[in-house]
Amino acid sequence: MTAPAYGVLRRVTETASVLLENNPSSMTLEGTNSWVLRAAPDAPAVVVDPGYRDLEHLELLAGVGAVELILLTHFHPDHAEGAPWFAECVKAPVRAFDPALCIDASSFVDGEEISAGGLSIRVLHTPGHTDDSVSLVLDGQVLTGDTILGRGTTVLHDLGDYLRSLRKLIELPPGTVGLPGHGPELLDLPATAREYLSHREQRLDQVRSALETLGADATPRQVVEVVYADVDRALWAPAELSVQAQLDYLRSEEK
């Protein structure tokens with residue numbers, strides 16, 4: 001799918017539109033997807049992940065009309081940094097899994113149903129990328145933040161948590177549309193989650209094999225140089241974070 005132009009609100013489904021922030025990088029792909037959810041054209045919006053404190057982007061986002069609620073998928077600044085400014089601008093509360101990110105509202109509870117803007121949004125706690133990561137399910141679609149990207153794989157904090165989160169997303173109905181924090185939408189999120197799970201299991205096997213050669217005390221960097229030898233070196237630093245999570249997971253299995 002073709003990436004949308006920066007600053008242009010693009011409708012993706014009947015209830016979801018996206019405004020792409022102009023912050024492209026190897027980590028954010030084309031940029032951060034700020035999602036605008038509406039039950040009807042004249043209904044107030046629910047905005048998910050306003051992005052950085054990028055006033056040009058936030059002012060365009062505020063121009064979508066009345067906003068009833070702001071939701072954050074996790075704490076990383078490319079998703080959450082602009083939330084306080086945006087909340088003050090549109091006079092709407094902010095909710096997140098981490099209470100420290102909330103403004104004039106309570107934090108998420110796993111499995112709760114949020115009613116806002118004529119929508120019913122179910123919260124799934126899907127840690128792994130971060131401890132506070134959530135996915136938001138509504139109307140045959142799920143906003144995944146950085147848990148599942150529109151392209152490529154995500155950096156991990158805790159692999160055990162992440163594998164459990166993938167299994168939770170695999171249980172969603174087939175054909176559930178994925179609306180990620182970065183990259184294009186996904187036509188069948190459970191199928192993509194299944195591919196992610198398979199990929200992670202393959203990586204674990206590669207790390208196990210690397211440890212047999214390098215020794216059980218190998219560093220993440222040494223493992224990256226073997227397992228990610230065919231990957232652009234610009235991505236080796238974030239790959240080290242994922243390898244650290246894999247090593248922690250494997251070493252915890254041995255205890």
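Tutor: The radius of gyration is taken over C-alpha atoms, and the rule for a globule is 2.2 Å times the number of residues to the power 0.38. The model to which we apply this rule is a predicted one.

Student: What makes the radius of gyration of the chain agree with that of a compact globule?

Tutor: For 255 residues the rule gives a value near 18 Å, and the chain has 19 Å, which agrees. Along its principal axes, the C-alpha trace spans about 60 × 35 × 35 Å. The chain holds 7 helices and 11 strands, and 53% of its residues count as buried.

Student: Why is Gly181 called buried or exposed?

Tutor: Buried means under 20% relative accessible area. Gly181 has 2%, and is therefore buried. The residue lies in the loop between strand 11 (177-180) and helix 5. Leaving out residues up to four places away in sequence, Gly181 touches Gly31, Thr32, Asn33, His79, Thr144, Gly145 and Asp146.

Student: Which residues does UniProt list for "domain: Metallo-beta-lactamase"?

Tutor: The unreviewed UniProt entry lists residues 31-182 under that name. In the model, the end C-alpha atoms of this span lie 6 Å apart, and the span is 21% helix and 27% strand.

Student: How do you know that the length of helix 5 agrees with its number of residues?

Tutor: The expected span is 1.5 Å times one less than the number of residues. For the 26 residues of helix 5 (residues 189-214) this gives 38 Å; the end C-alpha atoms are 36 Å apart, so the two agree. Just after helix 5, Gly215 takes a positive phi of about 105°.

Student: Which residues of helix 5 are buried?

Tutor: Among them are Leu189, Pro190, Ala193, Tyr196, Leu197, Arg200, Arg203, Leu204, Val207 and Leu211. An α-helix has 3.6 residues a turn, so residues three or four places apart point the same way.

Student: What does helix 5 give to the largest nonpolar core?

Tutor: This core has 33 residues, of which Ile148, Leu169 and Val223 touch the most other members. Two or more residues come from each of helix 4 (159-170), helix 5, helix 6 (220-227) and helix 7 (236-254). Helix 5 gives the most, with 8 residues.

Student: Which residues are in contact with Leu169, leaving aside its neighbours within four places in sequence?

Tutor: Contact requires heavy atoms within 4.5 Å. Leu169 is in contact with Leu124, Thr126, Ser135, Val142, Thr147 and Ile148, and also with Leu189, Pro190 and Ala193. The last three named, Leu189, Pro190 and Ala193, are buried residues of helix 5.

Definitions and conventions:
Residues are numbered from 1 along each chain as its sequence is written. This is a predicted model: local features need pLDDT of at least 70, side-chain atom pairs count only at pLDDT 80 or more; totals for chains, interfaces and linings use all residues. Side-chain values use heavy atoms; hydrogens and water are left out. Helices (H or I, at least four residues) and strands (E, at least two) are DSSP runs, numbered from the N terminus. Buried means under 20% relative accessible area, exposed over 50%, partly exposed in between (1.4 Å probe, protein chains only). UniProt positions are given in the numbering used here, feature names are shortened, and annotations may be inferred rather than shown by experiment. A nonpolar core is a set of buried Ala, Val, Leu, Ile, Met, Phe, Trp, Tyr and Cys residues joined through side-chain atoms within 4.5 Å.
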